[in-house]
Amino acid sequence: MILMKLGLNRGMEVLLTGRTITTDELKDWGVANSVVPPEKLQDEALRYARAIALLPADGLMLGKRALHQYFHGVGVSAYQNFASVGHPLFTNIVWRDEEFNFLRERKQDGQP
């Protein structure tokens, strides 16, 4: 999904370097729909929720199904199989002390 969202060049850079992407970059790249300060996050989430709640349930169901059909067509459904194995593998890798582990570094910095 990262490669689809970021594009091949940006996605590979992030996957291979593990660098943190700023919110401004995500907004500029069209990955994030909006960026708000933490104190406005709930208001922004409610704005999206209200917009969705005004739509007919059948339309939402069809839109979601169309998205799933697209993902299946481009092979993203195969990614789900990899993700169920890849996440535990990559988060439980044993690293040598001299190796850089960006997952460990993020955790130590308090990032998920």
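Which residue forms a salt bridge with Glu44, and how far apart are the closest N and O atoms? In this predicted model, the partner is Arg47, and the closest N and O atoms of the two side chains are 2.9 Å apart. Both residues sit in helix H4, which covers residues 41-53, and they are three residues apart, or about one turn of the helix. The two ends of this bridge are covered to unlike degrees: Glu44 has a relative accessible area of 14% and so counts as buried, since that is under 20%, while Arg47, at 45%, is partly exposed.

That bridge has company. The structure holds three salt bridges, and the other two turn on Arg19. Here Arg19 pairs with Glu13, with 2.6 Å between the closest N and O atoms, and Arg19 also meets the side chain of Glu25 in a salt bridge, at 3.0 Å from N to O. Through these shared partners, Glu13, Arg19 and Glu25 are joined into one network. As for cover, Arg19 comes out as partly exposed, with 28% relative accessibility, and Glu13 is likewise partly exposed, at 34%. As a general point, side chains of opposite charge can pair when their charged atoms come close.

Stepping back to the overall fold, the protein chain is made of helices: seven of them, with zero strands. Going along the sequence, the pattern reads α-α-α-α-α-α-α. The chain has 112 residues, and 10% of them count as buried. Its accessible surface is about 9300 Å², with 61% of that area belonging to carbon and sulfur atoms. Turning to contacts, take those with a separation of 6 or more in the protein chain: residues 24 or more positions apart account for 26% of them.

Now for the N-terminal end. A nonpolar patch on the surface is formed by Ile2, Leu3, Leu8, Met12, Leu15 and Leu16, which together have about 550 Å² of accessible area. Two helices, H1 (2-6) and H2 (8-17), each supply at least two residues of this patch. Helix H2 gives the most, with four residues. One member of the patch, Leu16, has its place in H2, and Leu16 counts as exposed because its relative accessibility of 66% is over the 50% mark.

Further along, Ile21 is found in the loop between H2 and helix H3 (23-28). What does Ile21 touch, once its neighbours within four places in sequence are left aside? The contacts are with Leu6, Val14, Leu26 and Trp29. Another way to place this loop residue is by its distance from Arg10: the two are 11 residues apart along the chain, and their C-alpha atoms are separated by 10.0 Å.

Helix H5 offers a quick sanity check on geometry. With 17 residues (57-73) and 1.5 Å a residue, the expected span is 24 Å; the end C-alpha atoms are in fact 24 Å apart, so the two figures agree. The expected figure is reached by multiplying 1.5 Å by one less than the number of residues. After H5 comes Gly75, with a positive phi, near 90°.

On the aromatic side, the count comes to one pair. The rings of Tyr70 and Phe71 make up that pair, with centres 5.9 Å apart and planes at 50°, so the pair is tilted; the angle falls short of the edge-to-face class, which needs planes over 60 degrees apart, and it is not under 30 degrees, as stacking would require. Of these two residues, Tyr70 has a relative accessible area of 45% and is therefore partly exposed.

Methods
Residues are numbered from 1 along each chain as its sequence is written. This is a predicted model: local features need pLDDT of at least 70, side-chain atom pairs count only at pLDDT 80 or more; totals for chains, interfaces and linings use all residues. Side-chain values use heavy atoms; hydrogens and water are left out. Buried means under 20% relative accessible area, exposed over 50%, partly exposed in between (1.4 Å probe, protein chains only). Contact means heavy atoms within 4.5 Å. Accessible areas come from the Shrake-Rupley method with a 1.4 Å probe; for residues, only the protein chains shown count as cover. Patches are made of residues with over 30% relative accessible area and no salt bridge: like charges are joined within 9 Å, nonpolar side chains (Val, Leu, Ile, Met, Phe, Trp, Tyr) within 5 Å. A salt bridge is a side-chain nitrogen of Lys or Arg within 4 Å of a carboxyl oxygen of Asp or Glu. Rings of Phe, Tyr and Trp (its six-membered ring) pair if their centres lie within 6.5 Å; planes under 30 degrees apart count as stacked, over 60 as edge-to-face and the rest as tilted.
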